[in-house]
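Please look over the sequence and the 3D structure below before reading on. The paragraphs after it walk through the chain step by step.

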Amino acid sequence: MSNQPPTESDHPTPLTLHAFQQHIRDRYYETDAARGTPGTFMWLIEEVGELATALHKARGEGGATSGGENLEEEFADVVAWLCTLANINGVDLEQAIRRKYLRGTGPQGHK
């Protein structure tokens, strides 16, 4: 077994949003459900804040703030916590996105 981190070639099958949400559910649901929606929402917002810091730093605007050095990780964390929040509230994100954005006309613009 290699000690190298996985690469894209280690995962030849495309990852769907549904599969990722299911992975998060399989791995964390019991803990997430016990934490509940308010606590999980707070974690999501914290991760959004870390993403904001990383984006500022990437533009050279982060000043002396700490954390958020890796944009990829911060984006991934936000998606993972969004999946967690959806899981404990019974929302299938892929289906919700299909219904709202991929049907015929879809919404006109966004806020």
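The text goes from the overall fold to an aromatic pair, a surface patch and the salt bridges.

The structure shown is a predicted model, not an experimental one. Its secondary structure consists of 3 helices and 0 strands, so the order along the sequence is written α-α-α. Helix α1 covers residues 17-58 and helix α2 covers residues 71-88. Helix α3 spans residues 93-101.

Some totals describe the protein as a whole. It has 111 residues, and 21% of them count as buried. The accessible surface is about 8600 Å², and carbon and sulfur atoms account for 56% of that area. Contacts can also be sorted by how far apart the two residues are in sequence. Taking contacts between residues at least 6 apart, 65% of them join residues at least 24 apart.

How many aromatic pairs does a search of the whole structure find? The search returns 1. The pair is made by W43 and W81, with 5.5 Å from centre to centre and 10 degrees between the planes. Planes under 30 degrees apart count as stacked, and therefore this pair is classed as stacked. W43 belongs to helix α1 and W81 to helix α2, so the pair links distant parts of the chain, 38 residues apart. Are these two residues buried or exposed? W43 has a relative accessibility of 38% and counts as partly exposed. W81 has 17%, which is under the 20% limit, and therefore counts as buried.

Helix α1 also holds I45, a member of a nonpolar patch on the surface. The patch is formed by F41, M42, I45 and V48, which together have about 360 Å² of accessible area. I45 itself has a relative accessible area of 41% and is partly exposed. Membership of a patch requires over 30% relative accessible area, so I45 meets that condition.

The charged side chains come next. The number of salt bridges counted is 3.

One of them lies in helix α1 and joins R35 to D32, with the closest N and O atoms 3.0 Å apart. The two residues are 3 positions apart in sequence, which is about one turn of the helix. R35 has a relative accessibility of 26% and is partly exposed. D32 is buried, because its relative accessible area is 4% and the limit is under 20%. This salt bridge therefore pairs a partly exposed residue with a buried one.

Another salt bridge joins the side chains of E61 and R59, with an N to O distance of 3.3 Å. E61 is partly exposed, at 45% relative accessibility. R59 has a relative accessible area of 63% and is exposed, because the limit for that class is over 50%.

There is also a salt bridge between the side chains of R98 and E94, at 3.4 Å from N to O. Both residues lie in helix α3, 4 residues apart, about one turn of the helix. R98 has 47% relative accessibility, so this residue counts as partly exposed.

Methods. Residues numbered from 1 in each chain as written. Predicted model: local features only at pLDDT ≥ 70, side-chain atom pairs only at ≥ 80, totals over all residues. Heavy atoms only, no water. Buried < 20%, exposed > 50% of the residue type's maximum accessible area, 1.4 Å probe, protein only. Contact = heavy atoms within 4.5 Å. Areas by Shrake-Rupley, 256 points an atom, 1.4 Å probe, with all protein chains shown as cover. Phe/Tyr/Trp six-rings, centres within 6.5 Å; stacked < 30°, edge-to-face > 60°. Patch = residues over 30% accessible without salt bridge, like charges linked within 9 Å, V, L, I, M, F, W, Y side chains within 5 Å. Salt bridge = Lys/Arg side-chain N within 4 Å of Asp/Glu carboxyl O.
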